Amino acid sequence: MSAVRVEPLDAGAIWRVTFGASRGNVIDRALMVQLTRVFADARQAQGLKTLILTGHGGHFSFGASVREHLPEHVRELLADFRTLIVHMFDSRRFIIAAIEGQCLGGGLELASACHRIVAGAGAVLGQPEIALGVFAPVASILLPERIGRVKAEELCLTGRRVNATDALQMGLVDQVVESSPAAEAAVEWARAHLAAHSASSLGFAIAAIRADLAARIRVELPRLEELYLSELMSTHDAVEGLRAFLDKRPPIWRHS
């Protein structure tokens, strides 16, 4: 059964893409493959201007699968996530993340690859990977681009979570919605600001404005993945942090 639903709006100019089926919309490899297919199809969809990316139910995503971060699976997980992020950039479509509830870890990395982030008033965002003894490769590139290095370092190195108001103040989100669903606000924004443009010309403009960042993703992300796989995952603490999370117990750090 598909964990991704695509709802075309406005004669196909907007796609509302709802992902996940579990309470936390955990982003596992199977979901990454399905989302990648959506963005590949978006590149070929004539007249499509905007994708609204939102989670099923009350949350955007609790993050990427922790179980698939274990040593026996993590290489494939990182590769599949990189493929998804690259396809988001290659789609040449304006992408809006519409966030309700929690948006953590890989969920925030996914949102950070979007052009615009709209959040409900109750949203909570964060990069908690450091609490599990690991780091977030995609966020290490995209968060400094979005909110500046100092604020990005604070989120990635402390693991603290921020509410929607604080996220707006720091530039992590672009709009906070008090009364209506974030996805509906995202659709209205797209209609107001993008509907009048040529879908073809908008695609070229997106490719141009993001050319440098897209190139950095292709070059820098594999380097960060190698740091993760060859060095980080050879340490006791990285594996201990992941296993402790799955076992629902405090980690026992050796600091090595």
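How many bridges join strand E6 to strand E9, and in which sense do these strands run? Three bridges join E6 to E9, and the pair runs parallel. Keep in mind as you explore that this is a predicted model. Let's start with the sheet that holds these two strands, and then visit a pair of helices and three residues in loops.

**The sheet as a whole**

- Six strands make up an open sheet, and their order across it is E1-E2-E3-E4-E6-E9.
- The pairing in this sheet is mixed. As background, strands of a sheet pair through backbone hydrogen bonds, either parallel or antiparallel.
- Which strands form the edges? They are E1 and strand E9 (175-177), each of which pairs on one side only.
- On average, neighbouring strands of the sheet are turned by 20 degrees against each other, direction ignored.
- Helix H7 (residues 182-193) packs on this sheet and touches E1, E2, E3, E4, E6 and E9. The direction of H7 makes about 155 degrees with that of E4.

**A closer look at strand E6**

- Strand E6 covers residues 116-120 and pairs with strand E4 (residues 94-99) in the parallel sense, over four bridges.
- Ala-119 is a handy residue to find in E6: Ile-99 stands opposite Ala-119, and in E9 the bridge partner of Ala-119 is Val-176.
- Is E6 enclosed or open to the outside? Five of its five residues are buried, so E6 is largely enclosed by the rest of the structure.
- Arg-116, Val-118 and Gly-120 point one way from E6, while Ile-117 and Ala-119 point the other way. Residues on both sides are buried, the charged-type name Arg-116 included.

**Two helices that meet**

- Two packed helices are described by the angle between their axes and the distance between the axes.
- For helix H4 (residues 137-147) and helix H5 (residues 149-158), the axes come within 7 Å and cross at roughly 135 degrees.
- Why is this pair called oblique? An angle of roughly 135 degrees falls outside the ranges for roughly parallel (under 35), roughly perpendicular (65 to 115) and roughly antiparallel (over 145), so H4 is oblique to H5.
- The crossing of H4 past H5 is right-handed.
- From H4, the contact is made by Ala-139, Leu-143, Pro-144 and Ile-147. From H5, Arg-149, Lys-151, Ala-152, Leu-155 and Cys-156 take part.
- Sorted by type, the residues of this contact are seven nonpolar, no polar and two charged.

**Three residues in loops**

- Asp-10 lies in the loop between strand E1 (4-9) and strand E2 (14-19). Its phi is near 50 degrees, a positive value in a residue other than glycine.
- Asn-25 sits in the loop between E2 and helix H1 (29-44). Phi of Asn-25 is also positive, near 50 degrees, and again the residue is not glycine.
- Are these two buried or exposed? Asp-10 is partly exposed, because its relative accessible area is 36%, which lies between the cut-offs of 20% and 50%. Asn-25 counts as buried, because its relative accessibility is 1%, under the 20% cut-off.
- Ser-65 is found in the loop between strand E3 (50-55) and helix H2 (74-90). With 10% relative accessibility, Ser-65 counts as buried.
- What does Ser-65 touch, leaving aside its neighbours within four places in sequence? Ser-65 is in contact with Val-26, Ile-27, Asp-28 and Leu-77.

Methods
Residues are numbered from 1 along each chain as its sequence is written. This is a predicted model: local features need pLDDT of at least 70, side-chain atom pairs count only at pLDDT 80 or more; totals for chains, interfaces and linings use all residues. Side-chain values use heavy atoms; hydrogens and water are left out. Buried means under 20% relative accessible area, exposed over 50%, partly exposed in between (1.4 Å probe, protein chains only). Axes are lines fitted to C-alpha atoms, for helices over the stretch in contact, and angles run from 0 to 180 degrees between N-to-C directions. A crossing is left-handed if the near helix is turned anticlockwise from the far one by less than a right angle, and right-handed if clockwise. Contact means heavy atoms within 4.5 Å. Ala, Val, Leu, Ile, Met, Phe, Trp, Tyr, Cys and Pro count as nonpolar, Asp, Glu, Lys and Arg as charged, and the others, Gly among them, as polar. Two strands pair if DSSP finds at least two bridges between them.
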